[in-house]
Amino acid sequence: MKYKIIFLISMLLFALALIIAQGCTGDSCTNTFQNFGGFGQGVLFDNQRNQLTNQPTNQEGQPNSPATPDQILQDFDAFTNQFQDSANKFQQKEVDSQRMQQQFGTQVEGDPSKGQWSADGQQFNYNGVEFDEQSKCQGGSCPQTQFNPDGSVDFQGQEGGNMNLKSDTGQTAFKPETGGAGSYGGDGGTGSAPAGGGTTASANPGQAAAQGANQQMQEVSQAMGIVQQFLGLFQGFADKLAKTSDEGTAKITTPNQYGGLSASIDDTTLAYMNSQNQVELFAKAQAKTGEVNTKTTAKEITAKNVDLTVPEQAHLTIPEQETTIRLNGIKGNDPNFREATNTAAINSITGQAIINGEEVDLSQYIQFQNHDLAIGGKELTVYTLKTFNNVDAAGQDINVISGDVAIKFQGQKILYPRLVKNAPYGIKKITNQLDKENQYQLQHFTNKDSLLTDYQGIASVGDIFSTHPKIPGLVIAKIRNDMWKTN
Amino acid sequence: MQRVSQKSQVTIFIVLAVCLLAGAGLFLFFLDKEKNENLDREEFSARGIQPSITNIQTFISDCLKETTLSGLELVGIQGGYYQKPERYYDLSNLNGAFIPYYYDQGFYQNPSKQTVETQLSLYIDDALPFCLKKIDFKNFELTYPVSKTKTIIEEGKITITTTLPLTIKNEDKTTDFKLQDHPLTLESELNDILTVADYITQSHTEDDTYICINCLTQLTKEKNLYVDFIAFAPDTTLVMLIENSTQPDPYIFQFLNRYKVEEDKNEI
């Protein structure tokens, strides 16, 4: 008993000396470790070299032993200068699980030791995934957090909505380049209709952009590959979000108002996966903090301030206005809407008058439904990565872009480029909900740039032309040939 | 009852026969005359038929119509111009024809309606003598000064009034014919075509990269026209307006728009 009392007094004196040595004054200390009593397991002593170390073995491969307080005191400067961090991390490893449960309400599994607490102890950052007071879960539906050996973090909510975050070097969610002729493909004279009415030497100003799109698809594939690498680790999750870049941060809260997960992202990219572990979209933060919210009630997300890529369908630019994105689209082109090698037929339709003052739904939305796309709201941009059968839009500053062709919706107006450009992905019917009378088809070609025609055969924009039937020195749009045949 | 003698009956039949023959002869005479009046200049020449003064006057009026139609076609191909404007593309394979640039990298050159009227008038005054020279028949001589034409383009029609006092000499007989007393009115949608062309051109002031395609479609449809933007060069679009309601063949009116093309320019 007597020896025990002497030992305890010695330890108290040692602790007091250690605190003073580290500059603690009052309640504030310059380091953050919580229970230095265990530090000896984080700092080792090399008996061969008679010095502190954080290496598990000495030069002869023999295991180093945990440093004793005496050994630390012998070389306290080395401890404070070199090994304090190791000690801190070890301390954190010991206390993180319990502390995170207390502080953020999340059940923790795995090793969170790669994370860092903020100086004030209010935040925990794990490879850019931040936990703070706003992340605190209250109630009975708190997520379970697992820190994985590969540096990723899994979140699984109690009521669906699961998320996986991972640090990696991959990147995605980019905006396709829409440069002019030759931006990627070098010089390639544009298809032209010189007065002689000769054949078009095909020319493809958009070939470059198509190459750009291919390049981007490769990047998407790479990013998807990165995601797939760790997908196998987390089979069984209904939906997931993956952070695909080392840079930036992503802050997750759950459940959100839709019962799903909410991600607040800065300067990084997330991948959202469905229950089949297929990537539904990538979300990249813009200049401002982006937000993505998943839903458990519908195959939808809401987002703002992010660039989204729906693989093999479209790339979207989402503004500050919260926008709902429905993900019921079908990847790839509709086999019934193929590339043409000539000109497309035009079917007449019975139209209505321009709708003035019609009440339309101008809420923010982008809906992928099979091979159709519906867009509403303002400041939305969709880069198509496939053909679409119907593109319906209503709102302001809405852009639908296929290769070099950007179609803009401004209220009742549909704005179209004055120069003929390459559109690698056609759209069978383009409708401005505020002018249902005039609908258009954008036909894509294997060997030509594009042809836009309205469904009543009134207007066309394209490089599909032929020589004038009666004046060989002139050219006409090929769709007009029948005018001369019937006369 | 009085009995008619056999001699009297023969007389009646002879008179009736003479009347019938005379009627038939007159019918054939007028039929042939009308037929001749309906013949055009080439048919008279080909058949070696000697025209009348009336025929010659018809030929002169026909010349005005023929020249006006060819002028309409030419100014359509040349975007409303007969004489070359400042900026144009040479159609070297089409008898020196050209296509004007209505918009050329910020430079506007679309003609006003008055300019098109003037250009068409100039063409008619230049080309009419070539047609009149073809009215070349034995015993007929035409003398005339330089013509002065006034063209008016209106909704659905154009009116051509050519001031040209002609003298027609036929052997010892002289007949004056004033073409200005026979103004020509032709069905034409040139007025609407110019309206649509003006819309396309002026819309550059608002946005020189994009055009409101459904606005243009709607306007073109209301005017019963068609519009095609055809790739002409990497920086140039051929705009073709077509009407298919007033003439046997579709009528073409075309012009060019040229733009500054910046590499890697993001259009958004």
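In this predicted model, 28 residue pairs, with both members at pLDDT 80 or more, are in polar contact between chain A and chain B. On the chain A side of this contact, the elements that each contribute two or more residues are the strands S23 (388–402), S24 (405–410), S25 (413–417), S27 (435–443), S28 (451–454), S29 (459–462) and S31 (475–477), together with helix H5 (481–485). Of these elements, S25(A) gives the most, with five residues touching chain B. Sorted by character, the residues of chain A that touch chain B comprise 28 nonpolar, 18 polar and eleven charged ones.

Charged groups also meet across the boundary, where four salt bridges are counted between chain A and chain B. One of them joins Lys413(A) to Glu206(B), with the closest N and O atoms 3.3 Å apart.

The size of an interface is often expressed as the accessible area that is lost when the parts come together. Here the area buried between chain A and chain B is about 4,500 Å², and carbon and sulfur atoms give 58% of that area. Within the share that chain A buries against chain B, Arg418(A), Leu419(A) and Ile458(A) supply 20%, more than any other three residues. Counted by residues, the contact draws 57 from chain A and 53 from chain B.

The backbones take part as well, since strand pairing crosses from one chain to the other: S29(A) pairs with strand S11 (residues 226–233) of chain B in the parallel sense, over four bridges. Following this pairing residue by residue, the reader can find Gly462(A) standing opposite Ile230(B), which lies in S11(B).

Conventions: Residues numbered from 1 in each chain as written. Chains lettered and ligands numbered in written order. Predicted model: local features only at pLDDT ≥ 70, side-chain atom pairs only at ≥ 80, totals over all residues. Heavy atoms only, no water. Contact = heavy atoms within 4.5 Å. Buried area = accessible area lost by both parts, 1.4 Å probe. Salt bridge = Lys/Arg side-chain N within 4 Å of Asp/Glu carboxyl O. Polar contact = N/O pair within 3.5 Å; in protein donor to acceptor, adjacent residues only side chain to side chain. Nonpolar A, V, L, I, M, F, W, Y, C, P; charged D, E, K, R; others polar. Pairing = 2+ DSSP bridges.
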